[in-house]
Amino acid sequence: MFVVRRLLALVGVLFASSFLVFSAMYAAPGSPENFLVQGRTVTPEVLAAIREQYSLDDPFFVRFWNWLTNVLQGDFGQSLTNRQPVGELLAARLPTTLTLVLLAAIIIAVLGIGLGIAAGVRDGILDKVVLLGSSLGFAVPTFFAALLLMSIFSVGLGWFPVFGSGEGFFDRIWHLALPALALALPSAAVVARITRTAIREERDSEHSVMATARGVPARIVLKRHVVRNSMLPVSTIVGVHIAGLIAGSFVVEYAFTLDGLGTLLVGAVQRKDFAVVQAIAIILVAGFGIINLLVDLLYKAIDPRVGTKQES
Amino acid sequence: MKKKTVGALVVFTLALTGCASGTATPPPSVSRDDLLVTTPAAAGELDLATWNLPFGEPASLDPIKAFNYPENTVVANLCEGLMQLQPDYTIEPNLAEKVESPDASTYVYTIRQGVEFWDGETMTADDVLYSLNRQLDPDEGSYWAGGVVDNIESIEKTGDWEVTVTLVEPDSTFNSYMVTPIGTVVQQAFRENAGEAFGTPAGGVMCTGPYSLGEWDQGQSISLMRNDSYWNTERAAKTAEVVINFIVDSAAIANALNTGAIDGSYDVPLGALSTLQNSSEGSLLLGKSLQLVAIIGTGNGAFADPAVRQALMLATDREAIAATVFEGTAEASRSLIPADGWAYGADEFEAAREELAPTSVDIEAAKTALEAATVDITQPIKIVYPSERTYYADIISEIANGARAIGLTVEPEGIPSAQFGAFFSDPEAREGHDAFVTNNYMDVPDPLAFLRTIMGTGGSQNYNGYSNPEVDELLSAAAAASDEGERADILNDVQDIAMTDLPWIPIVDPSVRLFMNDRVTGVPASFVYLYYPWAADLGASE
């Protein structure tokens, strides 16, 4: 019931956001057919032919309605610039972005949570290093991290390729390792910091102190009480950051010249390529919604009380 | 502590990427005589070479939609025209065996026999007729429609292997346009079957060139595969496969070229120059160009007054722009006709060019010129540029410096590229702005073809409504002149008027900035890569 309700809400959000994006594109200055001809002076007849071909002269609501009904039938339309079905365009780009986001998500989860726990459970040099590293990681913007990683590991040491997203599973991972690291770095830093704080709070909480006082072994206190309880705030923050990765991947895609959705979206916005922008916006919003839903489900798994609250 | 670490990291990165300014080697200063036409011929064949398009991915490979750097650079290797532009800017018959022109209004093309499309079908005069006629069909939506195409009266098949083009007005430049997509031949049957998908990654194209279209991996690369049954065996491609990437970020381009991940690129971005000049992997070569960076007036504000434009040109240190913004890879513009922008009349053009005012700054002369101004010169002059291209801001700030010295105010106005494109086609977009920048190029090396778009009444690049009956007369006379020396003389008169009236202020003539890895060579260095199958000449250096 909970999942169905959430999915219905997501559909509503999708509709509203696609309408907003469509209106914004419509209101933005510049006309697509002028961009198509690349600043070249062509005859008004050619421009008129293009406008007609893509129904650019129809009123706003007619265009939105046409677009919406086509989408409901599974037709996302045709790209203005490439004269290609949008589905085809996205199919070519989606794997790169998905792999990139997945890799980055793994890095955030493993590196962020792992280091956060390590720093949280024990005071000492490791804690200081993680604390400093997370400040640094958070302060370094993604594009700078990308440049830095590229110049050290690709240009300097030659361990990784300088551009492209590769073909085949392992080649792809190899190509996307640095981009994913650059993308994950700021989020991993935040997650590590929050995990560390959460762990420390739980360590000092009454039930942990009580458990320790009752003579429960430290390892079990840590596993059952400290880590598990601290995962509640951490899972929220991990979820939000991972959902944000889809939108943030553009910077990294650009720096490493990857053929992902982000670069496609930016190009399409500049060219006022309605169909492409709409489709990517839907994917972004849906991705965000679904990841958030998964996080909430995970919440329930960590803390069963969350679910019962929803029922009542 | 944190700050220090970051600081050390910054220094480290700069050292690694070689971005640090003030490096020991001074920028090369360009001298027109040193500019290259070709690179040393390839000594051997290659299985694979990689190239880059710094201006991004082509939107389509349909020749009639190819009217910009990315598209033309690729299409030039796939599809051929009736004529072909050579690296030294001469024009030679290609898919036409010969051309006869009884007068400047009639062009009779004898079509070459024995030419095959990639699929093995023979090219016929009907394919040629169909391809040329696509320009005239509004439903095909050719980006080349207008201008030269508008002047076509009829295209007819006048023999089994003969196609005749008749023009409305005589135009001696018409034949040179047969090197561009206007004269490019595609297979009729394939075009008709492909429908809307023609030219897209799904539909592809069918042409006769030295390379056929391989895999088009969108957002990443296009592969060109050698056409083993190419009709011109002397010009067969030396590399079996050329993969063309679309990296646009200048740091990424510098890295890819500097590590040898990509073998070469034409017109590498200015931001990549410092790295590439010192590269140990390959070398940066400067070639003869047909490009021009200029400021175009819209006919609004103080910039609409020719006296103001003259004063601005005299006060602007264009040599400094060439030396700093272009790091010595450009030359201050002496004329509105880009240096070496001619395929005929070299003696006449060279001589007249020498007579033009020098490119150095002359503040006194600028002040004198400004006295003739009849507009309100206290109003600021806003020059629009695409804000993503920051080097334009540097150029405009140098212009503003000069302007300040003579009491004018010039301000840069950055707008997104998407909007900027409309300045070239939409009068409404230009409304309320005084001037805008352009990185222009001559379609063909013919000053007539270039000047008439800028100065002819109603010309396609005439953005400030310039109209001078004397110029129109001279342009018509040049178009009708079949003697090339005579045509050059007439055009020199137009050039004189251009440098007085300055519909555009020419700033610099950028040379072709070609980077090649040491393992490859052979491609032309001159500005023919938009219409000449450059990749076919690419091969091993040893």
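Start with the largest nonpolar core, which has 241 residues: select A:Ala104, B:Ile383 and B:Leu451, the members that touch the most other members. Helix 8 of chain A, residues 169-204, gives the most to this core, with 16 residues. In soluble globular proteins, nonpolar side chains tend to be buried together. Bear in mind that this is a predicted model.

Stay on B:Leu451 and show what surrounds it. Leaving aside residues up to four places away in sequence, B:Leu451 touches B:Leu336, B:Ile337, B:Leu491, B:Val494 and B:Ala498.

**Chain B as a whole**

Now select chain B and colour it by confidence. The mean pLDDT of chain B is 89, and 94% of its residues reach 70 or more. Residues 1-27 of chain B have a pLDDT below 50, and this stretch has 30 contacts in the model beyond near neighbours in sequence. For the complex, the predictor gives an ipTM of 0.70 and a pTM of 0.83.

Switch to a cartoon view: chain B holds 16 helices and 21 strands. Along the principal axes, its C-alpha atoms fill a box of roughly 70 × 65 × 40 Å. The radius of gyration of chain B is 24 Å, which agrees with the value near 24 Å that a compact globule of 542 residues would have. Of the 542 residues in chain B, 55% are buried. Among its contacts between residues at least 6 apart in sequence, 72% join residues at least 24 apart.

**The seven-stranded sheet**

Next, select strands 8, 9, 10, 1, 11, 19 and 12 of chain B. They form an open sheet in the order 8-9-10-1-11-19-12, with mixed pairing. At the edges are strand 8 (211-217) and strand 12 (282-287) of chain B, each pairing on one side only.

Add helix 2 of chain B, residues 69-78. This helix packs on the sheet and touches strand 8, strand 9 (221-226) and strand 10 (239-245) of chain B. The direction of helix 2 makes about 135° with that of strand 8 of chain B.

Move to the other edge and follow strand 19 of chain B, residues 512-517. Strand 19 runs antiparallel to strand 12 of chain B, and six bridges join the two. Along this pair, B:Leu284 stands opposite B:Phe515, and B:Gly287 has B:Val512 as its bridge partner.

Then show strand 11 of chain B, residues 264-265. Strand 11 and strand 19 of chain B also pair in the antiparallel sense, over two bridges. Here the bridge partner of B:Ser265 is B:Phe515.

How many of the six residues of strand 19 of chain B are buried? Six of the six are, so strand 19 is largely enclosed by the rest of the structure. Display the side chains to see the two faces: B:Val512, B:Leu514 and B:Met516 lie on one side, with B:Arg513, B:Phe515 and B:Asn517 on the other. Both faces are covered, and these residues are all buried.

**The four-stranded sheet**

Select strands 4, 5, 7 and 6 of chain B. These four strands form an open sheet in the order 4-5-7-6, and the pairing is antiparallel. Its edge strands are strand 4 and strand 6 (152-159) of chain B, each of which pairs on one side only. From one strand to the next, the twist averages 20°.

Helix 3 of chain B, residues 125-134, packs on this sheet and touches strand 5, strand 6 and strand 7 (162-167) of chain B. The direction of helix 3 makes about 175° with that of strand 6 of chain B.

Zoom in on strand 4 (96-103) and strand 5 (106-111) of chain B, which run antiparallel and are joined by five bridges. They form a hairpin with two residues between them. B:Asp103 has B:Thr106 as its bridge partner, while B:Glu100 stands opposite B:Val108.

**Two loop residues to check**

Most residues other than glycine have a negative phi. Two residues of chain B are worth selecting with that in mind.

Go to B:Tyr89, in the loop between strand 2 (83-85) and strand 3 (91-93) of chain B. B:Tyr89 is not a glycine, yet its phi is positive, at about 70°. B:Tyr89 counts as buried because it has 23 C-beta neighbours inside 10 Å.

Finish at B:Glu327, in the loop between helix 8 (318-324) and strand 14 (330-332) of chain B. B:Glu327 is not a glycine either, and has a positive phi of about 45°. Is B:Glu327 buried or exposed? With 20 other C-beta atoms within 10 Å, B:Glu327 is buried.

Conventions: Residues are numbered from 1 along each chain as its sequence is written. Chains are lettered from A and ligands numbered from 1 in the order in which they are written. This is a predicted model: local features need pLDDT of at least 70, side-chain atom pairs count only at pLDDT 80 or more; totals for chains, interfaces and linings use all residues. pLDDT is the predictor's confidence in each residue, from 0 to 100. Two residues are in contact if their C-beta atoms, placed from the backbone, lie within 7 Å. The radius of gyration is taken over C-alpha atoms; the globule rule is 2.2 Å times the number of residues to the power 0.38. A residue is buried if 20 or more other C-beta atoms lie within 10 Å of its own, exposed if 12 or fewer, and partly exposed in between; C-beta atoms are placed from the backbone. Two strands pair if DSSP finds at least two bridges between them. Axes are lines fitted to C-alpha atoms, for helices over the stretch in contact, and angles run from 0 to 180 degrees between N-to-C directions. A nonpolar core is a set of buried Ala, Val, Leu, Ile, Met, Phe, Trp, Tyr and Cys residues joined through C-beta atoms within 7 Å.
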